[in-house]
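Subject: Handover of a structure and the findings from it

Dear colleague,

Please find below the structure that I am handing over to you. My findings follow it, and I would be grateful if you read them with the structure open.

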Amino acid sequence: MQRFNAVIVGYGYAGRAFHETLIRLVDGLEVYGVVSGREEIRKTLETEKGIKTYSELDEALGDPQTDLIVLATPNDTHAEYAIRSLEAGKHVVVDKPMALDLAEARSMQKAAQKNGCLLSIFQNRRWDGDFLTIKHLVDSGRLGNVLHAELAWHQCKPPRTWRTDRKHGGGKFLDLASHMIDQTLLLFPGEIESVFARFQKGMWENDVEDHSHCILTFKNGPDVHIDVSSFSRCPKPRWYLLGTKASLCKYGLDPQEKAMNAGDIDGACESPENYARIYTGLEGEIKEEVVETEPGRWRSYYENIAAVLRGQEDLAVTAESVCKTVAVLDAAQQSAETGKPVTPIMA
């Protein structure tokens with residue numbers, strides 16, 4: 001089987017825990033190198049893992065053995081690094097969010113088209129078990145016509161490192177709502193009339209939001225509330241959907257990250273107490289049904305990347321699809337600044 005060499009740029013938590021781990025699980029991909037400005041990291045990788053290292057991106061781009069650049073760097077570098085890599089003839093995977101704004105995202109997309117290279121964004125949570133379960137329930141009509149939906153991701157801890165700095169694209173809204181909006185657009189592919197958002201601050205000492213609330217209003221569709229918090233001390237459902245046939249409530253995050261960090265992502269297993277509950281009936285005849293969560297499979301993302309590079313599959317996460325997510329992120333940030341609803345530019 002043909003193998004492709006991946007170079008991970010940035011070796012923080014995302015580069016190390018997510019990208020390196022998942023790439024190593026895939027036949028046809030090799031963790032060939034790492035770009036890091038930290039000498040101690042380079043020495044450790046070379047001596048303990050036998051990985052080639054570079055101190056600068058251009059060194060990796062100049063290596064003819066490099067096939068795929070994986071960007072796990074601060075958000076404000078994504079567009080610049082991706083375009084440089086694409087212009088060097090390298091395929092590129094970019095961690096989410098794709099870019100700081102839609103103009104950057106479109107520039108990346110054009111560079112990929114111009115140079116005939118793969119460009120994909122690491123929207124691994126398209127393979128979350130809870131999302132796969134809920135998408136199946138929505139698509140099958142089990143809930144009827146969904147009129148209202150809420151997606152919440154609450155934590156009680158401040159962001160760290162560069163994520164505390166707005167100029168680097170920090171904050172939990174860009175970090176987590178990138179996944180939640182992406183999932184929303186796959187669940188409800190209709191036209192968005194408006195986006196309204198409020199960002200609140202006052203808990204942590206940094207210059208990014210502590211809590212964000214974003215409402216997507218779909219034309220002839222539901223209102224979808226995206227709720228991200230870094231100072232929530234009590235649980236809120238991860239998913240809450242109201243349909244004409246049934247309502248759904250589900251707590252808990254996908255268990256793959258916890259299992260991955262424990263060294264056995266294939267052992268990920270959700271606690272039954274976090275299974276989705278569907279409620280049907282009317283008035284005093286409400287009935288509860290427990291729906292077991294479908295298995296999540298993050299490794300599917302990089303399996304698809306390898307298959308695309310071999311010419312065997314179409315790309316699962318395209319730049320075009322994620323540009324729509326960036327457009328909604330753009331509109332939300334504009335709304336938070338102006339206090340007014342904004343219609344996203346989706347074309």
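Which residues does L100 touch, not counting residues up to four places away in sequence? They are N75, D76, G169, L174, D330 and Q333. Please keep in mind, here and below, that this is a predicted model.

L100 and its loop

L100 belongs to the loop between β5 and α5. Its relative accessible area is 25%, and a residue counts as buried only under 20%, so L100 is classed as partly exposed. From L100 to R142 there are 42 residues in sequence, and the C-alpha atoms of the two lie 37 Å apart in space.

P97 is also placed in the loop between β5 and α5 (102–115). The peptide bond that leads from K96 to P97 is cis, and its omega is near -10°. As background, most peptide bonds are trans.

The chain as a whole

The protein chain contains 10 helices and 14 strands. For 347 residues, a compact globule would be expected to have a radius of gyration near 20 Å; the value for this chain is 20 Å, so the two agree. Along the principal axes, the C-alpha atoms fill a box of roughly 70 × 45 × 40 Å.

Of the 347 residues, 52% count as buried. The chain exposes about 15,800 Å², and 48% of that area is supplied by carbon and sulfur atoms. Among contacts between residues at least 6 apart in sequence, 69% join residues that are at least 24 apart.

The largest pocket

How much space lies in the largest pocket? The volume is about 1,200 Å³. The pocket is lined by 41 residues, and those closest to its centre are Y13, F18, R163, D175 and E257. By type, the lining divides into 15 nonpolar, 14 polar and 12 charged residues.

Three helices, α1 (13–24), α7 (172–187) and α8 (256–261), each supply at least two residues of this lining. The most comes from α1, which gives 5 residues.

Helix α9

Is helix α9 largely enclosed or largely open? In this helix, which spans residues 299–309, 10 of the 11 residues are buried, so α9 is largely enclosed by the rest of the structure. The buried residues are R299, S300, Y301, Y302, N304, I305, A306, A307, V308 and L309. Among the elements that cover them are the helix α1 and the strands β1 (4–9), β2 (29–35), β4, β5 (91–95) and β6 (119–122). Just after α9 comes G311, which takes a positive phi of about 80°.

Individual residues

T66 sits in the loop between α3 (57–61) and β4 (68–71). Its relative accessible area is 2%, and the limit for a buried residue is under 20%, so T66 is buried. Setting aside residues up to four places away in sequence, T66 touches N5, V7, Y32, Y54, A60 and K90.

N220 is located in the loop between β9 (211–218) and β10 (223–229). Is N220 buried or exposed? Its relative accessibility is 79%, and over 50% counts as exposed, so N220 is exposed. The phi of N220 is near 55°, a positive value in a residue other than glycine. For context, most residues other than glycine have a negative phi.

K52 is part of strand β3, which covers residues 52–54. With 40% relative accessibility, K52 counts as partly exposed. Apart from its neighbours within four places in sequence, K52 is in contact with Y32, G33, V34 and D63. K52 and M1 are separated by 51 residues in sequence and by 22 Å in space, C-alpha to C-alpha.

E80 lies in helix α4, which runs over residues 78–87. At 44% relative accessibility, E80 counts as partly exposed. E80 and A6 are 74 residues apart in sequence, and the distance between their C-alpha atoms is 19 Å.

Yours sincerely,

A colleague

Notes: Residues are numbered from 1 along each chain as its sequence is written. This is a predicted model: local features need pLDDT of at least 70, side-chain atom pairs count only at pLDDT 80 or more; totals for chains, interfaces and linings use all residues. Side-chain values use heavy atoms; hydrogens and water are left out. On a 1 Å grid over the protein atoms alone, a cavity is a set of points where a 1.4 Å probe fits but cannot get out, and a pocket is an open set with protein on both sides within 12 Å along at least five of seven lines; lining residues have an atom within 4 Å of a point. Grid points are joined across faces, edges and corners, and a volume is the space filled by probe spheres set on the points. Helices (H or I, at least four residues) and strands (E, at least two) are DSSP runs, numbered from the N terminus. Ala, Val, Leu, Ile, Met, Phe, Trp, Tyr, Cys and Pro count as nonpolar, Asp, Glu, Lys and Arg as charged, and the others, Gly among them, as polar. The radius of gyration is taken over C-alpha atoms; the globule rule is 2.2 Å times the number of residues to the power 0.38. Buried means under 20% relative accessible area, exposed over 50%, partly exposed in between (1.4 Å probe, protein chains only). Contact means heavy atoms within 4.5 Å. Accessible areas come from the Shrake-Rupley method with a 1.4 Å probe; for residues, only the protein chains shown count as cover.
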